[in-house]
Amino acid sequence: MFRHAIAPTRFFTQISNDIIRHPRLSSDAKCLLTWQLSLPPGADEPLSVSAERAGIKKTAFIRAKRELKAEGYVHEWRRSGPRGRWSTTQLVSNVPLTEAEALAVRDGGSASVPPTAAPPAVGEPTRRAVGRSQEKNGENTSHPPHPLAERGALALAAVSHRDRRLRLSGRDIRSLAPLAGQWFERGATLTDLHEALTSGLPDAVRSPAGITRDRLVRKMPDPLPEPAPAPSPLRACAGGCGRMIRPVADETRCRDCRREAAEAAEAAADPHNVDGAIEATRRGMAAIREALSGGERPLRPQGWSRSGRIGPVVERANM
């Protein structure tokens with residue numbers, strides 16, 4: 001199997017593999033969700049319109065929306081307006097949300113909605129958003145720039161919804177989201193964050209944003225340890241033993257070859273070592289034989305001459 005993919009540099013949407021490979025979402029459900037997540041910020045397009053543009057038939061659309069709602073990617077709320085007209089607010093998310101988390105996102109402002117998700121879309125009866133004007137939604141369209149900050153914003157919105165003592169505005173959530181994201185970067189869970197922010201709270205909290213920031217900073221988990229460096233590649237031992245070694249530093253020979261080399265060097269340098277002395281004697285004798293074979297002659301005994309007469313004769317070898 002060969003795959004060739006060129007990463008786009010513009011006009012693309014990041015989709016989680018959890019969505020692409022979801023075992024309980026049909027192809028129509030994945031197509032509808034992907035279409036919604038690809039809409040630009042501020043787009044007000046109901047799910048039914050997206051389904052029509054994507055070529056999804058009515059029956060398939062109903063089934064796809066039911067699947068997305070069951071898995072937590074889509075939430076809907078119907079409300080009656082002041083003139084008796086019913087309107088439907090739809091929330092589309094790129095991560096599964098519980099009902100409480102979805103309500104927190106809806107009530108906490110668009111700052112807690114992941115930037116890859118389309119803003120809450122309005123259903124068929126009316127195209128007007130419920131409870132918030134387009135102008136106010138436009139003021140809160142800035143999103144945390146980092147994925148972990150996005151997760152932190154969702155977590156803060158959920159905590160704010162569950163505990164009324166920590167009611168946070170959309171601006172507070174935007175400001176504190178990077179700090180909450182650092183918790184997840186350091187391995188904390190949503191339960192860890194919730195317990196750290198809510199345990200031991202006084203009955204009355206004067207500044208929810210202030211006490212939340214204080215606890216996020218003061219109770220911040222320690223950073224995760226650095227990953228171990230990758231091991232060095234295997235290489236053949238330079239000592240000629242045929243072994244493969246994995247160097248720890250800059251060694252080129254295995255442990256046995258290094259030990260043998262060290263023992264040989266130590267023996268050669270030790271004057272009391274018998275083997276080393278014998279080897280030195282052999283080298284000295286070899287040097288003497290080589291010098292004699294180069295033309296030197298041994299001296300004759302004193303008292304002998306070339307003619308054989310006895311007498312004090314001294315003769316030196318030619319140099």
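**Figure 1. The whole protein has 12 helices and 5 strands.** The model is predicted, with local features requiring pLDDT of at least 70, side-chain atom pairs counted only at pLDDT 80 or more, and totals for chains, interfaces and linings taken over all residues. Residue numbers start from 1 along each chain as its sequence is written, and side-chain values rest on heavy atoms, with hydrogens and water left out. Helices (H or I, at least four residues) and strands (E, at least two) are DSSP runs, numbered from the N terminus. Out of 319 residues, 32% count as buried, meaning under 20% relative accessible area with a 1.4 Å probe and protein chains only (exposed is over 50%, partly exposed in between). Take the contacts with a separation of 6 or more: 54% of them come from residues 24 or more positions apart. A contact here is heavy atoms within 4.5 Å.

**Figure 2. Helix α2 keeps its buried residues on the same side.** The helix covers residues 27-37, and its buried residues are Ala29, Leu32, Leu33, Gln36 and Leu37. They share a side of α2 because they span an arc of only 130° around the axis, going by the directions from the helix axis to the C-beta atoms. As a reminder, an α-helix has 3.6 residues a turn, so residues three or four places apart point the same way.

**Figure 3. Strands β1 and β2 make a hairpin.** β1 (residues 74-80) and β2 (residues 86-92) run antiparallel and are joined by 7 bridges; for two strands to pair, DSSP has to find at least two bridges between them. At one place in the ladder, valine 74 has valine 92 of β2 as its bridge partner. At another, serine 80 is matched with tryptophan 86 of β2. There are 5 residues between the two strands, and glycine 84 in the turn has a positive phi of about 85°. β2 is mostly covered, with 6 of its 7 residues buried.

**Figure 4. Helix α9 packs its buried residues against α7, α8 and α10.** The buried residues of α9 are Leu193, Ala196, Leu197 and Thr198. Just past the end of α9, glycine 200 takes a positive phi of about 70°. The next three views go through the helix partners in turn.

**Figure 5. Helices α8 and α9 pack at an angle of about 130°.** α8 is residues 170-185, α9 is residues 190-198, and their axes lie 10 Å apart. The axes are lines fitted to C-alpha atoms over the stretch in contact, and the angles run from 0 to 180 degrees between N-to-C directions. That angle makes α8 oblique to α9; under 35 degrees would be roughly parallel, over 145 roughly antiparallel, 65 to 115 roughly perpendicular, and the rest is oblique. The crossing is right-handed, which is the case when the near helix is turned clockwise from the far one by less than a right angle (anticlockwise would be left-handed). Ala180, Trp183 and Phe184 of α8 make the contact with Leu190, Asp192, Leu193 and Ala196 of α9.

**Figure 6. Helices α9 and α10 cross in a right-handed sense.** Their axes are 9 Å apart at an angle of about 125°, which makes α9 oblique to α10. On the α9 side, Leu193, Ala196, Leu197 and Thr198 meet Thr212, Arg215 and Leu216 of α10.

**Figure 7. Helices α7 and α9 also form a right-handed crossing.** Here the angle is about 50° and the axes are 10 Å apart, so α7 and α9 are oblique to each other. Ala155, Leu156, Val159 and Arg162 of α7 meet Leu190, Leu193, His194, Leu197 and Thr198 of α9.

**Figure 8. Leucine 201 sits in the loop between α9 and α10.** It counts as buried because its relative accessibility is 9%. Beyond its neighbours within four places in sequence, leucine 201 touches Asp163, Arg165, Leu166, Ile211 and Arg215. Arginine 165 is 36 residues away along the chain, with 8.2 Å between its C-alpha atom and that of leucine 201.

**Figure 9. Leucine 179 is a residue of helix α8.** With 16% relative accessibility, leucine 179 counts as buried. Setting aside neighbours within four places in sequence, its contacts are Arg213, Leu216, Val217 and Met220. The C-alpha atoms of leucine 179 and alanine 153 are separated by 9.4 Å, and the two residues are 26 apart along the chain.
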